[in-house]
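Thank you all for coming. I would like to walk you through one model this morning, so please have a look at the sequence and the structure first.

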Amino acid sequence: MNYTAKQLAEITDSEVFGNPELQVKNIAFDSRNIYSANKTAFLAIRTSKNSGEKYIPSAIEKGIGIIISEKYFPDFENVTQIITKNSIDFLHRLATFHLRQFPDLKTIGITGSNGKTIVKEWLYQSLADDFKIVKSPKSFNSQLGLPLSLLQINGNHNLGIFEVGISKPGEMEKLEGIFQPRIGVLTHIGSAHAANFKNEEELIDEKILLFKDSESIIFNGDNMLVFNKIKQKFSDKNLISYGLNPWNDVFLKSDWGNRNIDITVDFFGEEISFPVQQRDEATLSNALCVLSILKFFGFENQKAVEKINALKSVEMRLESVNGVRNNLIINDSFNLDLDSLSIAFQFIKEYNKPKKTLIITDFVESKNPEELYREVAELTNEQHFDKIILIGAEITKYARLFKTETFTFDNTEQFIKNQIINQIENELVLLKGARKFEIEKVKTELELQKHDTVLEVNLNAILHNINVHKALLKPETKMMAMVKAYSYGLGGYEIAEFLQHHHIDYLGVAYSDEGVDLRKNGITVPIMVMNPEQHSYNAIIDYNLEPEIYSFRVLELFEEQLKQKGFSGKYPIHIKLETGMHRLGFQGFEIDELARKLKNCNVEVKSVFSHLSSADDVLERDYTLSQIKRFEENSEKLISGLNYKPIRHILNSSGITNFVDYQFDMVRIGIGMVGVSSSSEIKNQLQNAVCFKTVISQISEISSGDSVGYNRKFRAAEKTLIATIPVGYADGIPRLIGNKRGNVGINGHLAPIVGNVCMDMMMIDLRNPDAKEGDEVILFNSKPTLEEFAEYCKTIPYEVLTSISRRVKRIYVKS
């Protein structure tokens with residue numbers, strides 16, 4: 001994309017104020033993630049829940065010189081403003097116009113419930129040597145993502161591969177108005193976003209609207225409803241169905257579960273064989289889709305098989321781990337291209353580390369190295385890294401283009417052996433490398449904990465779950481995120497920092513030391529301390545934390561401490577009311593006296609709140625409603641005595657889903673962020689945010705009568721395979737789930753825990769003979785789920801999470 005402000009206005013029926021000749025090559029819509037202000041315009045998107053217009057000052061502060069919004073701001077007369085009628089429509093009209101400038105571009109549009117991103121990336125891997133390809137970055141496929149992807153097209157491209165995603169009825173019609181792919185691809189239809197549709201048929205009808213003007217459709221036909229609908233509706237088009245079942249044009253003919261033989265595919269009666277290691281249904285379906293497209297493009301069998309064999313797994317994620325010498329390691333060594341580099345630069349904006357180092361290797365695909373590395377250097381220079389480490393024969397030739405302290409190495413081993421790796425301290429370190437450079441070795445050198453057992457926290461899933469709950473609320477309702485107990489075991493400042501970046505209104509901690517740690521790590525969001533102990537008042541005041549006041553004794557002690565510190569002004573506090581939990585809080589009969597005392601104290605009541613005891617229990621609905629009624633009455637009484645209106649809140653995660661009519665001014669989310677809900681309807685919309693996993697250390701075969709573990713609690717009745725995994729009760733696994741009370745997941749199958757759980761290990765009855773040493777073992781995620789694991793432990797998910805030992809390495813990913 002390369003337009004002047006004047007051209008943008010003409011294309012979108014908008015109006016320019018300022019310099020009409022300014023060039024625009026990029027459009028940003030999130031002020032937090034602006035990684036380059038050069039020729040970038042900020043689009044202030046207005047929605048029913050929020051408006052990007054309030055972030056315009058932040059965008060200007062980052063160097064943005066062009067603003068696109070729905071109203072003119074006289075205060076920003078020093079920047080060029082493009083005023084449009086509708087911000088989303090602006091983007092759609094621009095993308096539609098831009099795509100039409102390239103009539104010879106062959107386009108592939110991929111939709112479906114699952115597999116869109118994998119298929120897109122595999123097609124890119126397969127066809128990059130044969131075409132000049134433009135593709136959707138990451139999973140950009142929405143009302144925003146698709147048009148932004150289309151704006152990347154330039155005259156050098158001859159093939160475009162774009163994802164198209166929807167979440168509710170009516171969206172595909174809008175996207176098809178922008179983008180009409182010549183080749184339509186439909187992947188697996190599943191339950192993703194199904195809750196927003198009346199039934200499966202409505203979901204399918206919405207998805208296949210994309211293919212209205214397509215010449216050819218390649219689709220997963222295993223679902224008979226999909227198969228019949230496409231065959232009937234698009235009988236005039238070139239159709240290819242693929243899947244695991246024999247009614248498809250392309251299907252698996254061999255016993256695909258037998259790893260000892262190659263996969264055999266029937267392609268319109270022609271047999272094609274090739275080896276496949278990973279044989280789950282999703283991987284095989286995606287591979288069949290790619291094979292079908294390769295054959296559609298005219299590749300001979302041998303060439304198509306070569307391309308399938310060359311496919312690499314797609315890791316669409318960035319991960320962060322704590323490093324040695326107080327470093328923070330951001331590992332994005334899974335792929336390397338300009339798109340992923342830009343996204344990584346956006347990601348590191350979320351962290352507060354003042355010093356940054358970039359470690360980057362050669363790009364594997366560099367048809368024009370001079371042009372490529374010049375663009376890489378321009379992007380990188382705008383990030384203001386303190387050090388840049390270049391690895392590889394090609395990128396090091398262009399070291400002169402990088403405008404900071406730069407070091408060059410021929411290969412990864414040479415860098416690891418150099419002393420400079422030991423001089424990186426108190427920094428954010430971004431790893432960007434092509435796979436062949438094995439940049440993972442650098443991560444291993446720099447990370448603090450080197451364990452196979454990890455707790456993987458998906459930050460995007462946490463954000464998704466927050467947004468699911470926010471969708472139930474009024475736009476003006478605030479949200480407090482509970483990050484007490486080390487963020488429910490997930491990590492302290494790492495979670496808080498992410499939530500702060502995404503504009504959470506409040507954070508809640510249990511004790512002052514948790515709040516102090518957050519402040520020391522750059523967290524500036526208001527923090528409420530739920531249990532302010534007497535000895536902690538100094539720290540609370542010094543670090544601008546906001547205490548919960550639940551009794552006259554606590555109020556008087558805190559007021560006395562304010563006087564001793566010489567605090568002037570009104571210190572923010574939160575008043576807890578007792579409504580039926582019978583834990584902490586002021587009783588109803590104390591309200592009048594409390595109002596009088598507060599007027600004479602050096603404090604300002606920021607919020608009045610209470611706690612529901614049984615919001616997750618349908619049998620206690622009447623009791624919960626009685627608590628809410630008592631809170632409403634007592635809080636109103638207190639507020640009338642204060643003569644000003646603090647925020648009110650009583651709903652926790654279960655309260656949000658089950659009693660949303662009583663949201664007051666703010667709600668508190670905790671376990672809901674992780675993906676746990678007492679509402680089955682909401683649960684279906686949430687994503688698992690936490691994965692506790694390890695690997696198989698050893699597999700042993702034991703004979704009938706042999707025993708396993710301490711006290712010989714398991715004795716084999718027959719010849720049995722036993723897998724030992726490196727996790728035990730010192731990691732937070734309770735001993736009571738041994739002896740077949742609990743299961744773990746291995747290659748999609750549940751396997752029972754046998755014998756007593758040891759301190760650092762436990763043993764598994766390995767019922768899947770295909771498993772091997774080093775294979776991944778899921779303690780909880782999807783199979784078993786966190787809730788199922790909690791049932792094994794005869795407890796609740798809260799206790800499971802907060803019991804996971806600090807020695808278990810936490811990895812934070814954005815997928």
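I will talk about the salt bridges, then one helix, then a strand residue, and finally the cysteines.

Before that, a word on how to read what I say: this is a predicted model, in which local features need a pLDDT of at least 70 and side-chain atom pairs count only at pLDDT 80 or more, while totals for chains, interfaces and linings use all residues. Residues are numbered from 1 along each chain as its sequence is written, and side-chain values use heavy atoms, with hydrogens and water left out.

Let me begin with the charged pairs. The structure holds 37 salt bridges, where a salt bridge is a side-chain nitrogen of Lys or Arg within 4 Å of a carboxyl oxygen of Asp or Glu. One of them joins the side chains of Asp-30 and Arg-32, at 2.6 Å from N to O. Asp-30 is buried at a relative accessible area of 18%, and Arg-32 is buried with a value of 18%; by buried I mean under 20% relative accessible area, by exposed over 50%, and by partly exposed anything in between, with a 1.4 Å probe and protein chains only.

A second pair is Glu-163 with Lys-120, whose closest N and O atoms are 2.9 Å apart. Glu-163 sits in strand β10, residues 159-163, and Lys-120 in helix α4, residues 116-127, so this pair ties together parts that are 43 residues apart in sequence. Helices (H or I, at least four residues) and strands (E, at least two) are DSSP runs, numbered from the N terminus. Both Glu-163 and Lys-120 are buried.

How far apart, N to O, are the side chains of Glu-370 and Arg-400 in their salt bridge? The value is 3.8 Å, and the pair links distant parts of the chain, with Glu-370 in helix α12 and Arg-400 in the loop between β20 and β21, 30 residues apart. Here Glu-370 is partly exposed at 33% relative accessible area, whereas Arg-400 counts as exposed at 56%. Returning to Lys-120 and Glu-163, salt bridges that share partners join these two with Glu-121, Lys-135 and Asp-337 into one network.

That brings me to helix α4. Its 12 residues reach 16 Å from the first C-alpha to the last, close to the 16 Å expected at 1.5 Å a residue, the expected span being 1.5 Å times one less than the number of residues. The helix is mostly covered, with 10 of its 12 residues buried, among them Trp-122, Leu-123 and Tyr-124. Those buried residues pack against β8, β9, β10, α9 and α10, and contact here means heavy atoms within 4.5 Å.

Next, Thr-408, which has its place in strand β21 and counts as partly exposed at 41% relative accessibility. If we leave aside neighbours within four places in sequence, Thr-408 is in contact with Leu-390, Thr-396 and Ala-399. From Thr-408 to Gly-675 there are 267 residues in sequence and 44 Å in space, C-alpha to C-alpha.

Finally, the cysteines. How many disulfides does the structure hold? The count is 0, with a disulfide taken as a pair of cysteine sulfur atoms within 2.5 Å. For Cys-691, the closest cysteine sulfur is in Cys-793, 16 Å away and therefore too far for a bond. Cys-691 is buried, with a relative accessible area of 8%, and Cys-289 counts as buried at 0%.
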